[in-house]
Every structure is written in structure tokens, then in C-alpha cells.
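Colleague: I would like us to take one part of a protein model and look at it slowly, in words that a first-year student can follow. Please start with that part and then carry on to other places in the chain.

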Amino acid sequence: MFTASARAEDTIKVGVLHSLSGTMAISETTLKDTMLMLVDAQNKKGGLLGKKLEAVVVDPASNWPLFAEKARELLQKDKVAAVFGCWTSVSRKSVLPVFEELNGLLFYPVQYEGEESSKNVFYTGAAPNQQAIPAVDYLMKDLGVKRWVLAGTDYVYPRTTNKILESYLKMKGVSEKDIMINYTPFGHSDWQSIVADLKKFGSTGKKTAVVSTINGDANVPFYKELGNQGISAENIPVVALSVGEEELSGIDTKPLVGHLAAWNYFMSIDTPENTAFIKQWHEFIKDPKRVTNDPMEAHYIGFNMWVKAVEKAGTTDTDKVEQAMLGMTFPNLTGGTAKMIVNHHLSKPVLIGEIQENGQFETVWKTKDLVDGDAWTDFLPESKIILANWSKELRCGNYNKKTKKCSGQNF
């Protein structure tokens, strides 16, 4: 008879830290299912280092302090080799000190505001230069937008992203009076007066667009209210940075047709890799109607890179795996190859898609080449001078090029 501890040593545990309840469950539950699929597929290939992988799933319930508690539990009690999780930046910021203190590894799969690089985190979602900045460039150059509404949920990702975007727009000659910024709480449902203000702001004769960092289930009443007040993609287009196929799958998309989203992957991408991924997903989830989306691809890339790094290092030891991850490559689902850069960010294509009636996106613009993620933006003076490099030469995520000093973690 095996003891519990003997059984535990027979597997390599992988933590899955995603909200399965609360305001973010609409987005995060699918990522939990994605991780279960990836672990299952790896076990069918023979596992890792001669052992089976075991997914340890917890529910931090869209409760930011609970994320930190659950992360500590995964690392200390469950002894997981790596954790795949978080969606909001506030949840990532909540767990970050835990991962740094206990020297764990977190793979974070969602677009975010940048301004961070930790030895203990791999950022497999987009940095602002891989999503928000190209979205603004597209609206400016291709649609002739002159007035800007920056609408977000009130937490760190929208606030920091909008600070970067406001600085960038002003650098491009946009005046302060042509920028409107609005924040609402998580789960916000009464959009009538905000949408009325937005409509008024866009009625001056100058082409207006909304850059939306509204997160989670608040998107459903937001888009509904746009439709109620007759705001269409023709008169005031919305480009969303947090709405993908999963968020669209539960709502009537008719009022949304023609509005936009910027991501690094769409389910509609026609490549053999993506066709195989969608097939794998439908077979695993046993529902041909379930969609795929960008953070799922980020977990797919991050998990497979982690597997390769563990094999290369011959161990799940955090420090050895972290170094093995640098420069690691893996095919993405859009037909290119993702590479892990020394700042712990990926190279990615940038795509802008138009929402279709069936809840899918038609790509209307994409970058010619892959774009390397910037940990620190070039569009804030205090960040422009900061460099992140975890290779042996520097081993710093917060290196000041002027003072030649590392003010973050240093190893």
C-alpha cells in the first residue's frame, strides 16, 4: 500500500490558480480547463522526467488576497513545481511576493500593463507594446481617430495601461481635451450615464474611438448599453484589450458587430497548428461549441516551454528551470515561433480583429513580424531608462541604465 507521501513523490505537481467563481470566472474557468487538457496530453506522451504530471486546482474566487493564500498553499503544502494562473494584474501583484519569497515559478497568461519583471514570473501574455500601442496606431492611421475614450475597470492594469496610452497619445500630438478617461468597479452594471457621456464626447465632429480595458462580466452590460444608445462601430468604434471569444460566447453579438479587439491570437486563424489545437480542445472538453482564445494560447506556449525547460535542466528546480527557459522557442498557433526573451516576455504577432455576428473575429490588420515584449515601456520617462535581463550577465529585472544599478530583485 502506497503512503500519501510516496504517492506524492511519484508525480510532478502543477498548480492551477484561476478564479472559478466571482466576477472573473467568465474569463478564467476556461484557462483551468486548458491546463487540465495540457497536463492530460503531456501524461499521454509519457509525463515528464519519468513521472506523471498532476494538476492541483484551487479557486481563489476573484478575491485578490485569497490568490496570495492559495499561491502559498500550492507552493508550501502541495509542493507544486510551477503554477499557471492569475488573470487580473491585481491578482498577479497579490501573489508576486509569495512567489519571490518561496522561490516558486508563475506562468501568467494574460495581456497586462508591463512595468514589471520578476525572476519568478514568466509573462506569456502581451505587454503594452504588443497590444495597446499597436491598437492605438491602427485607430490613428487606418481609421483616422482624433478623439480618445480610455475606458477601464478600476485597478492596476487599466490605470497603468491608460497612463502609458495617454503619454503616447500626447507624444503623437493629441491634446488633453481630446482624451476622456473613465474607470468603473469590477462587475459594474449600470452603464447608461457613462455611455451617454461617451456619446456626447464623440459628437463633436472629430472621429472618436474607445480603447477598452474593461474586464470580466462588466463587458456584457457595457456593450448592450452601446447598442441601446445607438452607438455602432461606424460612428464610435471600440477596440477591446480584454474581450475575446470566451467573453463573446455568452452574449448577443449583434450590437457588437464591427467593433474591434487587439490580441496575439484569434480562434479564426487558419493554420495547421491552430486547427489541431481546436480539435484537441473540442475532444477534451467534449463540446464542439466551446471557443478558444488568446490566453489559452499563452498557457499552451508557456506550458510547453516549461516542459522543454524541465527536460533540458533535468530537474524541476526553479533556478535551473528559469535559466533553461531563456531563449526557449515553441511554435505558436498563428504560424510563427514564440521565443522567451531574457526579460521573461515572449515574442508575439499583433492582430486586430473585427467582431463578427458568430462571436468570432475577422483579422483586419496584423504585424509583419513578431514583436518582442517590453517589460518597461518606452513611453514613460521613468520607465524608458529601465532594463530587464535575467541572463547570467545581468540577472536583474529593474536595471537603471543611467545609474547602472539594479533596484529590483538582484541575483
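Colleague: How many of the residues of strand 18 are buried, and what does that say about how the strand sits in the rest of the structure?

Modeller: Before answering, I should say that this is a predicted model. Strand 18 covers residues 396-400, and five of its five residues are buried, so the strand is largely enclosed by the rest of the structure. For this purpose a residue counts as buried when its relative accessible area is under 20%.

To see what surrounds the strand, begin with its sheet, which is open and consists of three strands in the order 17-18-19, paired in the antiparallel sense. Strand 17 (386-389) and strand 19 (405-406) are the edge strands, and each has a single partner strand, so one side of each has no neighbour in the sheet. As background, in a regular strand the side chains alternate between the two faces of the sheet.

Now take the two pairings in turn. Strand 17 is joined to strand 18 by three bridges, and the two run antiparallel; here Ile 386 stands opposite Asn 400 of strand 18. These two strands make a hairpin with six residues between them, and in its turn Arg 395 has a positive phi of about 50°. On the other side, strand 18 pairs with strand 19 over two bridges, again in the antiparallel sense. In that pairing Tyr 399 stands opposite Cys 406, while Asn 400 stands opposite Lys 405. Strands 18 and 19 also form a hairpin, this one with four residues between them, and Lys 404 in the turn has a positive phi of about 60°.

From this sheet we can turn to the empty spaces in the model. Rolling a probe the size of a water molecule over the atoms shows where empty space is left. The count comes to two cavities of 30 Å³ or more. The largest cavity has a volume of about 60 Å³, and its lining includes Glu 115, Pro 128, Trp 376 and Phe 379. That lining divides into five nonpolar, two polar and three charged residues. The second largest cavity holds about 40 Å³ of space, and among the residues that line it are Asn 264, Glu 297, Lys 348 and Pro 349. Helix 11 (294-313) and strand 13 (347-348) are the elements that each give two or more residues to this second lining, which divides into four nonpolar, three polar and two charged residues.

There are pockets to consider as well, and the largest of them contains about 290 Å³ of space. It is lined by 15 residues, of which Lys 13, Asp 78, Lys 79, Val 80 and Ala 81 are the closest to its centre. Helix 1 (4-9) and strand 1 (11-17) give two or more residues to the lining, and the largest share, three residues, comes from strand 1. Nonpolar, polar and charged residues supply five each. The second largest pocket has about 180 Å³ of space, and of the 13 residues that line it, Thr 334, Pro 349, Leu 351, Lys 366 and Thr 367 are the closest to its centre.

Finally, consider the aromatic rings, of which the whole structure has 18 pairs. One of them is the tilted pair of Trp 64 and Phe 186, with 5.2 Å from centre to centre and 50° between the planes. Trp 64 belongs to helix 3 (residues 64-77) and Phe 186 to the loop between strand 7 (179-184) and helix 7 (192-201), so this pair ties together parts that are 122 residues apart in sequence. Trp 64 counts as buried at 17% relative accessibility, whereas Phe 186, at 24%, counts as partly exposed. Tyr 155 and Tyr 157 have ring centres 6.4 Å apart and planes at 50°, so they too form a tilted pair. Tyr 155 is buried at 7%, and Tyr 157 is buried at 2%. Together with Phe 67, the residues Trp 64, Tyr 155, Tyr 157 and Phe 186 form one aromatic cluster. Rings can also lie beneath a charged group: Arg 92 lies over the face of Tyr 108, 4.8 Å from the ring centre, and the charged end of Arg 147 sits over the ring of Phe 201, at 3.8 Å from its centre.

Terms used:
Residues are numbered from 1 along each chain as its sequence is written. This is a predicted model: local features need pLDDT of at least 70, side-chain atom pairs count only at pLDDT 80 or more; totals for chains, interfaces and linings use all residues. Side-chain values use heavy atoms; hydrogens and water are left out. Two strands pair if DSSP finds at least two bridges between them. On a 1 Å grid over the protein atoms alone, a cavity is a set of points where a 1.4 Å probe fits but cannot get out, and a pocket is an open set with protein on both sides within 12 Å along at least five of seven lines; lining residues have an atom within 4 Å of a point. Grid points are joined across faces, edges and corners, and a volume is the space filled by probe spheres set on the points. Ala, Val, Leu, Ile, Met, Phe, Trp, Tyr, Cys and Pro count as nonpolar, Asp, Glu, Lys and Arg as charged, and the others, Gly among them, as polar. Rings of Phe, Tyr and Trp (its six-membered ring) pair if their centres lie within 6.5 Å; planes under 30 degrees apart count as stacked, over 60 as edge-to-face and the rest as tilted. Buried means under 20% relative accessible area, exposed over 50%, partly exposed in between (1.4 Å probe, protein chains only). A charge sits over a ring if NZ of Lys or CZ of Arg is within 6 Å of the ring centre and within 35 degrees of the ring normal.
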